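User: I should like to learn how to read the features of a protein model. Could we work through one together, step by step?

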Amino acid sequence: MRQAMASAECGDDVYREDPTVRRLEECVAELLGKDRALFVPTGTMANQLALLLHARPGEEVIAGKSAHFVNYESGAGGAWAGVQFACTRGELFTADEVASLVRAPAYWLPRTRLVGIENTHNMGGGRVFPQADVLAIAALVRDRGLSLHLDGARLWNAAVATGLSERELAEPFDTVAVCFSKGLGAPVGSALALPAFRLDDALRLRKMLGGGMRQVGVLAAAALHGIDHHRARLADDHACARRLGAALAEIAGVSVAPVETNIVVAEVAKAESVVEAGKRHGVLFSAIGPRAVRLVTHLDVAGARFGAAVDAVVAAFREAVDA
Ligand SMILES: Cc1ncc(COP(=O)(O)O)c(C=O)c1O
C-alpha cells in the first residue's frame, strides 16, 4: 500500500484533474452499481453529504438505534442538514417498523424524507442487515416517495459474510457510503456513490464542508490497493473474530454476543477495568457502555500474530474479571 501511494500519479482534484482519484471513483461506482462515486476524507463526510443531498432543514430521517450518523457524528445532521431523526427500537429493523415511523402528511408534522440503513452495523456488533428486510424497506420507501441511504462503512464485510456482491447489497439504495480506512486498511478515505444527476450538488456540498482536496492521488492509491488486495481477506478477520469470541465465551463472568463479521462485543461486570487490563497486556479495545466491550479484528493483527493477540486478550479479561 505504501508503495502504491508513493508511485501514485497525482493532479489537482478540486479541478477534477487527479487521475488516481478519478480511477478510484470509477472503480467504486462500478463496484456498487451506481452512476458516480465521490472521494471524501471520512465516512462521516460521506454520510453528512447524503443527509444534505436528500433532506431539507426540518425534515425527518428514519434510522436504526445507535446509527453512526445519528449518534457518532457530533450532531452534524442537526447542525448542517438541519434534520431530526426518528429511531427504531433496535439496530436492525423491518419495513413494518419503518412504516410505523413515517409521518402522516399533516403540515404541522415534520416531513419524513429519508431512511438510513447501516450494514454491517457497528454498534450492533458488526451484524449484517438481512437483505430480505432491506428489500422490503426499499419497496416501502419507493411506495412512500422517500429516499434510501446506506451507511456501508463496512459493506465489504457484509459482502464477505453473505456471499452477496457489494453491487447486490447496494442495489436498493439511492446513495451508498463506503469506507476504505476500516477493514480495507487505508490510512484515510471514504466515498459516496450516487446517481449522476446529484454529482454537481455533491461536489458543491463537499467543497462547502471543506472536503475539496488537491493532490490526493496518494490517498486514492491506498484506497484502490485496499479494494484490490484486502477485500477477500476480510474472511480471515471474520474467522479471527469468531475464534476470539469463542475464547472469551469460555471465561466465567463474560458473555459474548453472536459474532457475524469482524466485531466482538463482550459483556462484563466492569468494562473499563477490562480495557485497562488490555492496555497492560498490549491490546487496545474500547468500552462501549459500562458493561460492554467492543473488540475489532483487522489486517494488522492477523495470521501468525493473531494467536498471541488472543492470548493477551484472554489474559486481560481473566485478570479484570478475577480482580
Ligand atoms: C458505520 C459507520 N459509519 C461511519 C463512520 C465514520 O467514519 P469516519 O471515522 O471515517 O468518519 C464509522 C466510523 O467508525 C462507522 O462505524
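Analyst: We begin with a term: two residues are in contact when heavy atoms of theirs lie within 4.5 Å. The model before us is predicted. Histidine 225 serves as a first case: apart from neighbours within four places in sequence, histidine 225 is in contact with Met1, Ala4 and His230.

User: In which element does histidine 225 lie?

Analyst: Histidine 225 belongs to helix 11, residues 217-229. Distance along the chain can be set beside distance in space: valine 274 is 49 residues away from histidine 225 along the chain, and their C-alpha atoms are separated by 35 Å. A second residue of helix 11 is leucine 219. Leucine 219 and threonine 20 are 199 residues apart in sequence, yet their C-alpha atoms are 8.8 Å apart in space. Not counting residues up to four places away in sequence, leucine 219 touches Met5, Phe39 and Val188.

User: How is the length of helix 11 judged, and what span should its 13 residues have?

Analyst: The expected span of a helix is 1.5 Å times one less than its number of residues. The 13 residues of helix 11 should therefore span 18 Å, and the end C-alpha atoms are indeed 18 Å apart, in agreement with that value.

User: Which residues of helix 11 are buried, and what covers them?

Analyst: A residue is called buried when its relative accessible area is under 20%. In helix 11 the buried residues are Gly217, Ala220, Ala221, Ala222, Ala223, Leu224, His225, Gly226 and Ile227. Their cover includes helix 1 (2-6), helix 2 (19-32) and strand 1 (36-40).

User: How does helix 7 read when the same steps are applied?

Analyst: Helix 7, residues 131-143, has 13 residues and reaches 18 Å from its first C-alpha to its last, close to the 18 Å expected. Its buried residues are Gln131, Val134, Ile137, Ala138, Leu140 and Val141. These pack against helix 6 (95-101), strand 4 (112-118), strand 5 (147-152) and helix 9 (166-170). After helix 7 comes glycine 145, with a positive phi near 70°.

User: Why does asparagine 262 count as buried?

Analyst: The cut-off for buried is under 20% relative accessible area. Asparagine 262 counts as buried because its relative accessibility is 3%. Asparagine 262 is found in the loop between strand 8 (255-256) and strand 9 (263-267). Leaving aside neighbours within four places in sequence, its contacts are Arg154, Asn157, Asp237, His238, Ala241, Leu295, Val296 and Thr297.

User: Is aspartate 237, one of those contacts, buried or exposed?

Analyst: Aspartate 237 has a relative accessibility of 0%, so it counts as buried. Aspartate 237 is placed in helix 12, residues 234-249. With neighbours within four places in sequence set aside, aspartate 237 is in contact with Thr261, Asn262, Thr297, His298 and Leu299.

User: What should a reader expect of backbone angles and peptide bonds?

Analyst: Most residues other than glycine have a negative phi, and most peptide bonds are trans. We may now look at the cases that depart from this pattern. Arginine 16, in the loop between helix 1 and helix 2, has a positive phi near 60°. Serine 74 also is not a glycine and has a positive phi, of about 55°. Serine 74 sits in the loop between helix 4 (68-71) and helix 5 (76-81). Serine 74 is exposed, because its relative accessible area is 78% and the cut-off for exposed is over 50%. As for peptide bonds, the one from asparagine 119 to threonine 120 is cis, with omega near -5°. Threonine 120 lies in the loop between strand 4 and helix 7.

User: Finally, which residues surround the ligand?

Analyst: One starts with the list of surrounding residues and then looks at individual atoms. The ligand is surrounded by Thr42, Gly43, Thr44, Asn47, His68, Glu73, Glu118, Asn122, Asp151, Ala153, Arg154 and Lys182. By type, this shell divides into one nonpolar, six polar and five charged residues. Helix 3, residues 43-54, supplies the largest share of the shell, three residues.

User: How far from an oxygen atom of the ligand are polar side-chain atoms of threonine 44, asparagine 122 and lysine 182?

Analyst: For threonine 44, such an atom lies 2.6 Å from a ligand oxygen atom. The distance is 2.9 Å for asparagine 122 and 3.0 Å for lysine 182. Taken alone, the ligand exposes 390 Å², of which the protein buries 83%.

Key
Residues numbered from 1 in each chain as written. Predicted model: local features only at pLDDT ≥ 70, side-chain atom pairs only at ≥ 80, totals over all residues. Heavy atoms only, no water. Near = heavy atom within 4 Å. Polar contact = N/O pair within 3.5 Å; in protein donor to acceptor, adjacent residues only side chain to side chain. Areas by Shrake-Rupley, 256 points an atom, 1.4 Å probe, with all protein chains shown as cover. Helix = DSSP H or I, 4+ residues; strand = E, 2+ residues; numbered from the N terminus. Nonpolar A, V, L, I, M, F, W, Y, C, P; charged D, E, K, R; others polar. Buried < 20%, exposed > 50% of the residue type's maximum accessible area, 1.4 Å probe, protein only.
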